[in-house]
Amino acid sequence: DERARAIRDLAGQGGGARRIADLRAPMPGLVVRVLVAPGQQVAAGDPLLIVEAMKMENELRAEGAGAVASIEVEAGAAVDRGDLLMTFDDLAAEEA
């Protein structure tokens, strides 16, 4: 019902699904490869992009379900810890 939906929206929960947060760089490094495109739907655990740090490639994965809204970096870009890499639209909010 409408009241339950409003409570879920205020709590940041869409129908029991976890809201996907914007992806930020966990460490300084170099973006090696972007694995998704704007508009693409992703599920929890899907690979999003690869960042090389200290000669190791780190695959960054989606923490929940959503659709890629924008990609703020491209392959070859240097990033610092906390830099915005991509944003998402919450699929659970769209379905509610």
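**Exercise 1. The hairpin**

Find the residue in β7 that is the bridge partner of Ala-53.

Solution. The bridge partner of Ala-53 in β7 is Met-56. The model is a predicted one, in which local features need pLDDT of at least 70 and side-chain atom pairs count only at pLDDT 80 or more, while totals for chains, interfaces and linings use all residues. Residues are numbered from 1 along each chain as its sequence is written, and side-chain values use heavy atoms, with hydrogens and water left out.

Step 1: note what a strand is. Strands (E, at least two residues) and helices (H or I, at least four) are DSSP runs numbered from the N terminus. Two strands pair if DSSP finds at least two bridges between them.

Step 2: apply this to the two strands. β6 and β7 are antiparallel and pair over six bridges. They make a hairpin with two residues between them.

Step 3: look at the turn. Met-54 lies in the loop between β6 and β7 (56–61) and has a positive phi of about 50°, although it is not a glycine. Lys-55 is placed in the loop between β6 and β7 too, and its phi is positive, about 65°, again without being a glycine. Most residues other than glycine have a negative phi.

Step 4: decide on exposure. Buried means under 20% relative accessible area, exposed over 50%, and partly exposed in between (1.4 Å probe, protein chains only). Met-54 has 80% relative accessibility and so counts as exposed. Lys-55, with a relative accessible area of 82%, is exposed.

**Exercise 2. Two sheets**

Give the strand order of the open sheet that contains β6, and state which strands stand at its edges.

Solution. Step 1: the order is β7-β6-β4-β9, with antiparallel pairing. β7 and β9 (78–79) stand at the edges with a single partner strand each, so one side of each has no neighbour in the sheet.

Step 2: check an inner pair. β4 (residues 29–34) and β6 pair in the antiparallel sense over four bridges, and Val-31 stands opposite Val-51 in β6. Five of the seven residues of β6 are buried.

Step 3: turn to another sheet. Four strands form an open sheet in the order β3-β10-β8-β5, with antiparallel pairing. Its edges are β3 (23–24) and β5 (41–42); each has a single partner strand, so one side of each is left without a neighbour in the sheet.

Step 4: examine β8 and β10. β8 (residues 66–71) pairs with β10 in the antiparallel sense over four bridges. Val-68 has Phe-88 in β10 as its bridge partner.

**Exercise 3. The core and Thr-87**

Which residues touch the most other members of the largest nonpolar core?

Solution. Step 1: define the core. A nonpolar core is a set of buried Ala, Val, Leu, Ile, Met, Phe, Trp, Tyr and Cys residues joined through side-chain atoms within 4.5 Å.

Step 2: list the residues. The largest core has 17 residues, and those touching the most other members are Leu-23, Val-42, Leu-48, Leu-49, Leu-85, Met-86 and Phe-88. β6 (47–53) and β10 (84–89) each supply at least two residues of this core.

Step 3: take one member. Contact means heavy atoms within 4.5 Å. Not counting residues up to four places away in sequence, Val-42 touches residues including Ile-20, Leu-48, Val-68 and Phe-88.

Step 4: compare a polar residue. Thr-87 is placed in strand β10 and, at 15% relative accessibility, counts as buried. The side chains of Thr-87 and Ser-70 are joined by a polar contact of 2.6 Å. A polar contact is a pair of N or O atoms within 3.5 Å; within protein, one must be able to donate a hydrogen and the other to accept it, and residues adjacent in sequence count only if both atoms are side-chain atoms.

**Exercise 4. Charge and confidence**

How many salt bridges does the structure hold?

Solution. Step 1: a salt bridge is a side-chain nitrogen of Lys or Arg within 4 Å of a carboxyl oxygen of Asp or Glu. The structure holds one.

Step 2: Glu-59 pairs with Arg-61, and the closest N and O atoms are 2.5 Å apart. Glu-59 is partly exposed at a relative accessible area of 38%, and Arg-61 is partly exposed at 46%.

Step 3: check confidence. pLDDT is the predictor's confidence in each residue, from 0 to 100. The protein has a mean pLDDT of 83, with 74% of its residues at 70 or more. Over residues 13–17 the pLDDT is below 50. Where pLDDT is low, the predicted coordinates should not be read in detail.
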